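Thank you all for coming; I would like to walk you through one structure this morning, going from its elements to its packing. Please have the sequence and the model open while I speak.

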Amino acid sequence: MANLYCISYDLSKDGDYSKLIDKIRDSTDWWHQSGSVWFISSESSAVEIRDSLKQFLQPSDKLFVFLVKPCSWAGTGFSKDEYEWFKNNNKE
């Protein structure tokens, strides 16, 4: 069973990050929750995900990957589809 991860980053403004975004989108299932936050469903570990993404970063960039499933959560301002995506991917 796949785990649910959150990927958050702080990137320099002058880099080309299209390959980073493409790599995140290669995940089985993903949601681009907001500007620099993604949720992905993956059978990889957080370390494996980090290692697969860090090749696309600049030395001054920050990247954080953490396991969020199962979790307790609340949100506001998102579409019904976005809420459904999170509910469906946060089942035990």
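When I speak of helices and strands, I mean DSSP runs, of at least four residues for a helix and at least two for a strand, numbered from the N terminus. With that in place, and keeping in mind that what you see is a predicted model, I can say that Phe-78 lies in the loop between E4 and H3, and I will return to that loop towards the end.

Let me begin with the sheet. It is an open sheet of 4 strands in the order E2-E3-E1-E4, with antiparallel pairing. Strand E2, residues 29-34, and strand E4, residues 62-67, are the edge strands, each of them pairing on one side only. From one strand to the next, the twist averages 20°.

Going through the pairs in turn, E2 and E3 run antiparallel and are joined by 5 bridges, and in this pair Trp-30 stands opposite Ile-40 in E3. The antiparallel strands E1 and E3 are joined by 6 bridges, with Val-37 in E3 as the bridge partner of Ser-8. On the other side, E1 and E4 also pair in the antiparallel sense, over 6 bridges, and there Tyr-5 stands opposite Leu-67 in E4.

What packs on this sheet, and which strands does H2 touch? Helix H2 packs on the sheet and touches E1, E3 and E4, its direction making about 155° with that of E4.

That brings me to the interior. The largest nonpolar core has 13 residues, and of these Ile-7, Tyr-9, Leu-20, Ile-24 and Ile-49 touch the most other members. At least two residues of this core come from each of strand E1 (3-10), helix H1 (18-25), strand E3 (37-42) and helix H2 (46-54). If we look at Ile-7 in particular, and leave out residues up to four places away in sequence, its contacts include Ile-24, Ile-49 and Leu-53, together with Val-37, Trp-38 and Ile-40, and also Leu-63, Phe-64 and Val-65. Apart from this core lies another one, of 8 residues, among them Trp-31, Val-37, Val-68 and Trp-85.

Trp-85 leads us to helix H3, residues 80-89, in which Trp-85, Phe-86 and Asn-89 are buried. Seen down the axis of H3, the buried residues fall within an arc of 90°, so they line one face of the helix. Among the elements that cover these buried residues are E1, E2 and E3.

Asn-89 also appears in the surroundings of a polar residue in the sheet, namely Ser-41, which lies in strand E3. Is Ser-41 buried or exposed? Because its relative accessible area is 11%, and buried means under 20%, Ser-41 counts as buried. Leaving aside neighbours within four places in sequence, Ser-41 is in contact with Ala-2, Asn-3, Ser-27, Thr-28, Asp-29 and Asn-89.

Now for the charged side chains. How many salt bridges does the count come to? The count comes to 2 salt bridges. In one of them Asp-51 is joined to Arg-50, with the closest N and O atoms 2.9 Å apart, and in the other Asp-51 is joined to Lys-54, with the closest N and O atoms 3.5 Å apart. Asp-51 and Lys-54 both lie in helix H2, 3 residues apart, about one turn of the helix. In general, an α-helix has 3.6 residues a turn, so residues three or four places apart point the same way. Since these salt bridges share partners, Arg-50, Asp-51 and Lys-54 are joined into one network. As for accessibility, Asp-51 counts as partly exposed at 35%, Arg-50 counts as partly exposed at 35%, and Lys-54 is partly exposed with a relative accessible area of 44%.

Finally, I return to the loop between E4 and H3, where Phe-78 lies. Phe-78 is partly exposed, with a relative accessible area of 26%. Not counting residues up to four places away in sequence, Phe-78 touches Trp-31, Gln-33 and Tyr-83. Phe-78 and Asp-22, by comparison, are 56 residues apart in sequence and 23 Å apart in space, taken from C-alpha to C-alpha.

How values were computed
Residues numbered from 1 in each chain as written. Predicted model: local features only at pLDDT ≥ 70, side-chain atom pairs only at ≥ 80, totals over all residues. Heavy atoms only, no water. Core = buried A, V, L, I, M, F, W, Y, C linked by side-chain atoms within 4.5 Å. Buried < 20%, exposed > 50% of the residue type's maximum accessible area, 1.4 Å probe, protein only. Contact = heavy atoms within 4.5 Å. Pairing = 2+ DSSP bridges. Axes fitted to C-alpha atoms, helices over the stretch in contact; angles between N-to-C directions. Arc of directions from axis to C-beta. Salt bridge = Lys/Arg side-chain N within 4 Å of Asp/Glu carboxyl O.
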